[in-house]
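Visitor: I would like to take a close look at a single part of this protein, and then to see what else can be said about its side chains.

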Amino acid sequence: MKRPQTPRGKTGRPLSFDRDAALEKAMLAFWETGYQTTSISDLTAAMGITAPSIYTAFGDKKHLFLEAMRRYAGDPTALEKAFALAPSAKAAVAKMIEDAATLFTGDATPKGCLLASAAATGSKDAADVREAAAQERRAIHAIIVRRIERDIEAGVLPPETMPIVLADLALAVTQGMSVLARDGADRDALRAVARASMTGWPS
């Protein structure tokens with residue numbers, strides 16, 4: 001039987017900490033304060049490790065953020081599968097937005113959306129951070145569009161339905177709810193927004 005391998009840093013030496021747990025803490029730190037305003041000292045305090053350990057295990061702050069963002073976003077194939085198994089595109093999107101309302105108002109996590117905080121990053125040297133966040137949103141957008149197109153072909157939605165517009169609406173509502181959550185809106189308020197947004201769908 002193959003022996004489990006110990007995570008190693010760039011030098012090949014075994015890490016002296018739980019990399020997965022440290023990444024989770026980094027994700028929460030970035031989620032709370034965003035990419036640009038989260039310093040290395042903030043990260044060392046949150047992760048409970050030294051700056052050299054961060055560089056050894058994750059590279060620089062940018063690479064740490066990108067890995068944390070991928071952890072936050074999750075596997076896109078899981079969302080694709082959930083949309084494929086949903087009874088309709090409308091039901092799939094409604095659940096996605098309702099789930100976002102719950103996520104953005106968690107008791108044990110920061111308010112709002114980590115991807116939205118990345119989008120607000122303004123420095124020129126973080127252009128690839130914004131682009132990575134945009135790619136995550138484009139992947140979600142494409143999944144929504146494909147599911148809507150499937151419903152149009154099946155006659156569930158009328159042929160004049162505009163898949164791109166409905167997908168844009170879903171993402172705009174989701175990102176807007178992130179702002180509302182940051183401003184103090186509670187879960188019931190976000191769920192009301194989520195339900196209202198679905199009235200724009202053709203029946």
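Which backbone oxygen lies 2.7 Å from a polar atom of the side chain of Thr161?

Guide: In this predicted model, the backbone oxygen in question belongs to Pro158, and the distance from that oxygen to a polar atom of the Thr161 side chain is 2.7 Å. Thr161 itself is placed in the loop that runs between helix H8 (127-154) and helix H9 (163-182). Although Thr161 is a loop residue, it is buried, because its relative accessible area is 9% and the cut-off for buried is under 20%. If neighbours within four places in sequence are set aside, the residues in contact with Thr161 are Ile148, Ile152, Leu166 and Pro202.

Turning from the loop to the aromatic side chains, a search of the whole structure gives 4 aromatic pairs. One of them joins Trp31 and Tyr72 in an edge-to-face arrangement, with 4.9 Å from centre to centre and 80° between the planes. Trp31 belongs to helix H1 (residues 19-37) and Tyr72 to helix H4 (residues 61-73), so this pair ties together parts that are 41 residues apart in sequence. Both Trp31 and Tyr72 are buried. Ring pairs also link Phe30, Tyr35 and Phe65 into a cluster, and within that cluster Tyr35 has a further partner, since Lys61 lies over the face of the Tyr35 ring, at 4.6 Å from the ring centre.

Key:
Residues are numbered from 1 along each chain as its sequence is written. This is a predicted model: local features need pLDDT of at least 70, side-chain atom pairs count only at pLDDT 80 or more; totals for chains, interfaces and linings use all residues. Side-chain values use heavy atoms; hydrogens and water are left out. Rings of Phe, Tyr and Trp (its six-membered ring) pair if their centres lie within 6.5 Å; planes under 30 degrees apart count as stacked, over 60 as edge-to-face and the rest as tilted. Helices (H or I, at least four residues) and strands (E, at least two) are DSSP runs, numbered from the N terminus. Buried means under 20% relative accessible area, exposed over 50%, partly exposed in between (1.4 Å probe, protein chains only). A charge sits over a ring if NZ of Lys or CZ of Arg is within 6 Å of the ring centre and within 35 degrees of the ring normal. A polar contact is a pair of N or O atoms within 3.5 Å; within protein, one must be able to donate a hydrogen and the other to accept it, and residues adjacent in sequence count only if both atoms are side-chain atoms. Contact means heavy atoms within 4.5 Å.
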